[in-house]
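Here's a friendly walk through the structure, taken one piece at a time. Keep the picture open as you read.

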Amino acid sequence: MPTITLIQHSGESYTVEADDGATVMEVAIDNDIDGIIGECGGCCSCATCHCYIDAAYLDKIPPRGDLETEMLEFASSEAKDNSRLACQVEITDELDGMVVTLPETQL
Amino acid sequence: MQRIVVIGAGHASGQLLDSLRRAGSEAHITLVGEESWLPYQRPPLSKKFLSGELTAERLAFRPESFYEKHQIHTRLSCRAVSIDRDTQTVSLAGGETLAYDLLALTTGTRVRELAIPGAELAGVHYLRGIDDALGLQADWQGRDNVCVIGGGFIGLEVAASARTLGKNVTVVEMMDRLMARAVSPGMSEYFLGLHTRNGAHVMCSTGVSELLGTDGRVSGVRLSDGREIPTDVVVVGIGVVPNQELAQEAGLACDNGILVDEFARTSDPKIVSAGDCTNHPNSLLGRRLRLESVHNALEQAKSAAASLMGEKLAYAQVPWFWSDQYNSKLQMVGLSEGFDRAVQRGNPDEDKFSLFYYRGDVLIAIDSVNRPGDHMPGKKLLAAGISPTPEQAADPEFPLKSLL
């Protein structure tokens, strides 16, 4: 089972096991990690699961869709090149060791 | 130790529990839920869950471990039958009573049932909970023809899921257009075209007088004009009614929902209520209303939790909603009811456009299809009371962001 690390804006870090096929949003919720909201439940409708992906892993993830890109542009915290909506990032074995940083705010 | 009882296990309930513990509540908390499931995400039921892309486990609002970690006592498959406000107790089906110091009612809504002959036949489905969706999924497997009664969000999402699975779909809607209660005629027209292009047969201005059966199972739908549509499965989506009886019988003020103030407090200072079941004031809209939406459930639950903690967090937000049908994501912000001008931005033929609704010069709502770049700043514009001019709204190149 792949392991990923989520780092909150405060610097608090959680290294957790992630189910293959789950999304990064689900991993955060399942581990009770504050900093990902996921108001719409994970259907790319609310931009409250914004996260920054470790650059080394970006090319191991299918690229953003148009809707996701547009949503991110209006996320509450600044969108960067490595910004993703966590509900759109599915865990695969290749993502073992990935570090995901959470933004200051989602609302 | 202070005892808090929460009745109802939907979005509002899940959020309320989360907010209470995150705010440091040390109360003894009991969650009473009628279904056998812990609070879960309801919206995917008519979409990705029905089409088989998501399993029940992945719908959980919070994992089971959350309730253990935060010491929330859960009573599932358990119905609260009455509230005694004098003794501050809740009676459960089976005779047990739970004492409370503070009570939260997050009872939600239930489906409105079809009251015509044949409604009790096998093969007639409603969609509200996971069990309904599982039942429908099992029943339509191997059956090709689905008739959806009601062209609102649920009906149309089910229709889109059924078409995605290759079924023959007929949608029967009583009003003269789809989603008439929620969107404008222009948006209804787009969705009629979308469903038609995707092979669903949509009949508006059409009532249903009877469901026809063979050996106890539905086999057809008789329309009010006498025509008959043969079908294997019927899905009814004709709206919901608030679960307010428990509150009403306990003497709490109700009127199309449990009446609460902006802090989610009912007419009893020891009882709060949040979510689809409430009739609440919204200072931004300048009126009372009852909403059926995730955003409302979550935000109002935060206010309810604050009130239970002895704090005040007013609930006053611009409502927003979404619906996914085929590859079209509809995002709505504000309430368009009562608009006198709709301004189009983008191109419906490209499945990418928004309608900006104005009352006079004031922007009151925006419905967007595959244009989150309008919806997202639109939320902020509406909350701040900023109206782009209709000319700015109509120009897809005009950056709405620049007005913020």
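What follows starts with the domains of one chain, moves on to its strands and helices, and ends with a sheet in the other chain.

Before we set off, bear in mind that this is a predicted model. Let's begin with chain B, which is split into domain 1 (3-110 + 241-308), domain 2 (113-236) and domain 3 (327-403). Notice that domain 1 is written as two stretches of chain B, 3-110 and 241-308. If you take the centres over C-alpha atoms, domain 1 of chain B and domain 3 of chain B sit 33 Å apart.

Now find strand β11 of chain B, residues 168-172. Of its 5 residues, 4 are buried, so this strand is largely enclosed by the rest of the structure. What does "buried" ask for here? A residue earns the word when 20 or more other C-beta atoms lie within 10 Å of its own.

Which strands does β11(B) pair with? One of them is strand β10 (residues 145-149) of chain B, which lines up with β11(B) in the parallel sense over 5 bridges. To see the match up close, look at V148(B), which stands opposite V171(B) in β11(B). Another partner is strand β12 (residues 201-203) of chain B, also parallel to β11(B), this time over 3 bridges. Here T170(B) has H201(B) in β12(B) as its bridge partner.

How does the chain get from β11(B) to β12(B)? It goes through helix α5 (residues 185-197) of chain B, and this β-α-β crossover is right-handed. On the other side of the story, β10(B), helix α4 (residues 153-164) of chain B and β11(B) form a right-handed β-α-β unit too.

Next, a pair of helices. Helix α1 (residues 11-22) of chain B packs against helix α7 (residues 294-308) of chain B at an angle of about 40°, and their axes are 8 Å apart. That angle makes α1(B) oblique to α7(B). As for handedness, α1(B) passes α7(B) in a right-handed crossing.

Finally, hop over to chain A. There you'll find an open sheet of 5 strands with mixed pairing, in the order β2-β1-β5-β3-β4. Its edge strands are β2 (13-17) and β4 (83-85) of chain A, each of which pairs on one side only. From one strand to the next, the twist averages 35°. Inside this order, strand β3 (residues 50-53) of chain A and strand β5 (residues 99-101) of chain A pair in the antiparallel sense over 2 bridges. If you'd like a spot to zoom in on, try Y52(A), whose bridge partner in β5(A) is T101(A).

Note on methods
Residues are numbered from 1 along each chain as its sequence is written. Chains are lettered from A and ligands numbered from 1 in the order in which they are written. This is a predicted model: local features need pLDDT of at least 70, side-chain atom pairs count only at pLDDT 80 or more; totals for chains, interfaces and linings use all residues. Domain bounds come from an automatic or database domain assignment. A residue is buried if 20 or more other C-beta atoms lie within 10 Å of its own, exposed if 12 or fewer, and partly exposed in between; C-beta atoms are placed from the backbone. Two strands pair if DSSP finds at least two bridges between them. A crossover is right-handed if, with the strands pointing away from the viewer, the path from the first strand over the helix to the second runs clockwise. Axes are lines fitted to C-alpha atoms, for helices over the stretch in contact, and angles run from 0 to 180 degrees between N-to-C directions. Angles under 35 degrees count as roughly parallel, over 145 as roughly antiparallel, 65 to 115 as roughly perpendicular and the rest as oblique. A crossing is left-handed if the near helix is turned anticlockwise from the far one by less than a right angle, and right-handed if clockwise.
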